[in-house]
Number of protein chains: 2
Amino acid sequence: MSRKLNIGQAAAASGVSAKMIRHYESIGLIANPPRTEAGYRLYGDKEVHVLRFIRHARNLGFSVKQLAELLGLWMDEHRPSSKVKALAERHIDELQQKIQELQLMKAELERLVHCCHGDHRPDCPILEQLAQ
Amino acid sequence: MSRKLNIGQAAAASGVSAKMIRHYESIGLIANPPRTEAGYRLYGDKEVHVLRFIRHARNLGFSVKQLAELLGLWMDEHRPSSKVKALAERHIDELQQKIQELQLMKAELERLVHCCHGDHRPDCPILEQLAQ
DNA sequence: GTTGACCTTCCCATGATGGAAAGGTTTAGG
DNA sequence: CCTAAACCTTTCCATCATGGGAAGGTCAAC
């Protein structure tokens, strides 16, 4: 009883914008869906399921490239879960590296901000440090 | 005694790539430098100083837009340091928000990874969670 | 039967950075 | 003095994920 949805309805049902659905199709991440006679894309439950999977992975910060791998593993009945785990661990490492970068920036900025009076006078250790 | 540098030398002296120096010029972040008869850009100590300032600010994660503000304040003899401090604090907040986002992703991923056996079998809580 | 809300494709923009092509200049070595 | 290497110039294209908008076709409701 799963009647087909057009792209707007599929977007609403999956949380992926229509714009991005078309984009994912154009880069080959998802299959070309069937069309109506007028050319409207039609999505069934299965396609919406894939789109939701994509949204969840994107929410966890996976790149589209990693997404392609994840989708491949998801579709593969014979995947070893070790591959999925390794992929996720690689991503965790990337996230950690990014977090650390940002934390270093933040710590340095906080140090500078604590040194700055922040009043009407022009003297400012922040600018001085940037100018070195 | 500050002889003029061409763009490659200015890049080496400031740590900003020649490519980016031209880019900053094209978007109006820095002034158009004088040129030789052949059209080569020429940079003096002052310009290199500005470029170093830019690099330091970029290293702290300031956007080019914020950079324009920072440069304006740096040049302004009558700036109130409160403005610089406010700008920096705004940036700290942005960094913190980004850090938190990434930390949430990482925490969720770690939770999933800990549930996954990571062996030759296909069963994988990570994929199951993504598929929901 | 018209209007509004969809859909289609195509092009452009973001932000910071790099690559490469096609052509001119300068410099060092022979 | 000539040539080759190492510069410089501009212009275009690419990244990555996303959105905006235009121009035009379609569908549903009143």
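Which atom of DNA strand D lies 2.5 Å from a backbone N or O atom of B:G8? It is a phosphate oxygen. This is a predicted model, in which local features need pLDDT of at least 70, side-chain atom pairs count only at pLDDT 80 or more, and totals for chains, interfaces and linings use all residues. Residues are numbered from 1 along each chain as its sequence is written, chains are lettered from A and ligands numbered from 1 in the order in which they are written, and side-chain values use heavy atoms, without hydrogens and water.

Stay with the DNA. A polar side-chain atom of B:R22 lies 2.6 Å from a phosphate oxygen of strand D. For an N or O atom in the side chain of B:R41, the distance to a phosphate oxygen is 2.7 Å. Around strand D there are 19 residues, counted if a heavy atom lies within 4 Å of it. A:K19, A:R58, B:G8, B:R22 and B:R41 come nearest. Sugar and phosphate make up 70% of the strand D atoms within 4 Å of the protein. The largest share of this surface, 4 residues, comes from α2(A).

Now turn to the aromatic rings. The whole structure holds 2 aromatic pairs, with ring centres within 6.5 Å (planes under 30 degrees apart are stacked, over 60 edge-to-face, the rest tilted). A:F53 and A:W74 are stacked, because their centres are 4.2 Å apart and their planes at 10°. A:F53 lies in helix α3 (residues 45-59) and A:W74 in helix α4 (residues 64-75) of chain A, so the pair ties together parts 21 residues apart in sequence. Helices are DSSP runs (H or I, at least four residues), numbered from the N terminus.

Notes: Rings of Phe, Tyr and Trp (its six-membered ring) pair if their centres lie within 6.5 Å; planes under 30 degrees apart count as stacked, over 60 as edge-to-face and the rest as tilted. Helices (H or I, at least four residues) and strands (E, at least two) are DSSP runs, numbered from the N terminus. A polar contact is a pair of N or O atoms within 3.5 Å; within protein, one must be able to donate a hydrogen and the other to accept it, and residues adjacent in sequence count only if both atoms are side-chain atoms.
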